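Q: I should like a close look at a single part of the model shown below, followed by an account of its surroundings. Please treat the matter as one connected description.

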Amino acid sequence: MRPYILAETNWKALQETRFDLAILPWGATEAHNYHLPYGTDNYEADALAAAAAAHAWEAGGRVVVLPTIPFGVNTGQADIYLDMNLNPTTQLAILDDVAATLSRHGIQKLVVFNSHGGNNFKALLRELGLRYPELFVCMTNWFRAMDREAYWEAAGDHADEAETSLMLHLRPDLVLPRETWGDGASRKFRIEGLNQGWAWAERKWSEVSADTGVGDPSAASAEKGARFFRDVSRKIGAFLLELSRSDPADMYG
């Protein structure tokens, strides 16, 4: 039993344990090229949130990891078979219920541990903060926490070298043989502003990628995945420890 994982701890242990910070991993269920499982984002969320929380817990942080929400926003993948979608309004309803529970039990801090690029929690957390002023809420994107060029050779953002390496490290039993991997080739918008980031439109995934991947996974390895997993979990663990120890009434220097 890991005492900082809510799903593994028990009522007996919780008679004497109190937490300062709750971590809500949030993933997605969707196609990841031909070779990775639909639950890739959730496996990553489970493992990384637990590892980061372990670093914080062992250093004295009173953190607890809630069960992962397995469905994310997939409005741009509505025509891809069994890609599961939660609308942002549904996400807000879930967050509202979670925040109400935490507030009722005296936990003052919540981190939404995002593991899916289609999830965009900023506007939702603004609304949540207005509803629960006593609760400090923030989010993390683990896939943006490190310098990408220090770990990966190829660009990408879905079922690419990074995610394939992580899954080769975490769940190699669920990764199909290399000969099945798609090349992750993708198409860009014809309108240049939409490619530069200052203008935005949702990508229609079936028109962007033939294999649902974005980014060449061919250079992936379990060794690369293990190195990244170690480094990113330590970095986020340090953040969780600092946040756990912080005073929500004194967050600015």
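How many residues does helix α8 have, and how far does it reach from its first C-alpha to its last? Please also describe what its buried residues pack against.

A: The model is a predicted one. Helix α8 spans residues 222-245 and has 24 residues. From its first C-alpha to its last it reaches 34 Å, close to the 34 Å expected at 1.5 Å a residue.

A number of its side chains are withdrawn from the surface. In the N-terminal part of the list of buried residues stand G225, F228, F229, D231, V232 and S233. Further along α8, I236, G237, L240, L241, L243 and S244 are buried as well. An α-helix has 3.6 residues a turn, so residues three or four places apart point the same way. The buried residues of α8 pack against the strands β1, β2, β3 and β4, and also against the helices α2 and α5. These partners are taken in turn below.

The strands come first. Four of them form an open sheet in the order β2-β1-β3-β4, with parallel pairing. Its edges are β2 (63-65) and β4 (136-141), each of which pairs on one side only. Neighbouring strands of the sheet are turned against each other by 20° on average, direction ignored.

Within this sheet, β1 (residues 21-26) is joined to β2 by three bridges, and one bridge pair there is I23 of β1 with V65 of β2. Towards β3, β1 runs parallel to its partner over six bridges, and P25 stands opposite F113 of β3. The connection between β3 and β4 is likewise in the parallel sense and has six bridges; in β4, F113 has T140 as its bridge partner.

Both β1 and β3 are well covered by their surroundings. Six of the six residues of β1 are buried: L21, I23 and P25 point one way, whereas A22, L24 and W26 point the other way. Six of the six residues of β3 are also buried, so β3 is largely enclosed by the rest of the structure. On one side of β3 lie K109, V111 and F113, and on the other L110, V112 and N114. F113 is thus a buried residue of β3 that stands opposite P25 and has T140 as its bridge partner in β4.

The helical partners of α8 follow. Helix α2 (residues 40-58) packs on the sheet, where it touches β1, β2 and β3 (109-114). The direction of α2 makes about 165° with that of β2. A further helix of the sheet region, α4 (residues 122-131), lies across β3 and β4 and runs at about 165° to β4.

Helix α5 (161-170) is another partner of the buried residues of α8. Eight of the 10 residues of α5 are buried, so this helix is largely enclosed by the rest of the structure. They are E161, A162, E163, T164, S165, L166, M167 and L168. The elements that cover them include α2, β5 (156-158) and α8.

One residue of β5 may be noted here, namely D157. With a relative accessibility of 45%, D157 counts as partly exposed. Leaving out residues up to four places away in sequence, D157 touches R203, W205 and V214. Its C-alpha atom is separated by 9.7 Å from that of D216, 59 residues apart along the chain.

A direct link from α8 to the loop between α2 and β2 is supplied by R62, which is placed in that loop. Apart from its neighbours within four places in sequence, R62 is in contact with S244, and also with R18, F19, D20, L21 and W57. S244 is one of the buried residues of α8, whereas R62 is partly exposed, with a relative accessible area of 28%. The C-alpha atoms of R62 and F19 are 4.7 Å apart, although the two residues are separated by 43 places along the chain.

F19 leads on to the second largest pocket, which holds about 370 Å³ of space. Among its 13 lining residues, L6, L14, F19, H105 and I107 are the closest to its centre. Helices α1 (11-14) and α3 (88-104) each supply at least two residues of this lining, and α3 gives the largest share, three residues.

How values were computed
Residues are numbered from 1 along each chain as its sequence is written. This is a predicted model: local features need pLDDT of at least 70, side-chain atom pairs count only at pLDDT 80 or more; totals for chains, interfaces and linings use all residues. Side-chain values use heavy atoms; hydrogens and water are left out. Two strands pair if DSSP finds at least two bridges between them. Helices (H or I, at least four residues) and strands (E, at least two) are DSSP runs, numbered from the N terminus. Axes are lines fitted to C-alpha atoms, for helices over the stretch in contact, and angles run from 0 to 180 degrees between N-to-C directions. Contact means heavy atoms within 4.5 Å. The expected span of a helix is 1.5 Å times one less than its number of residues. Buried means under 20% relative accessible area, exposed over 50%, partly exposed in between (1.4 Å probe, protein chains only). On a 1 Å grid over the protein atoms alone, a cavity is a set of points where a 1.4 Å probe fits but cannot get out, and a pocket is an open set with protein on both sides within 12 Å along at least five of seven lines; lining residues have an atom within 4 Å of a point. Grid points are joined across faces, edges and corners, and a volume is the space filled by probe spheres set on the points.
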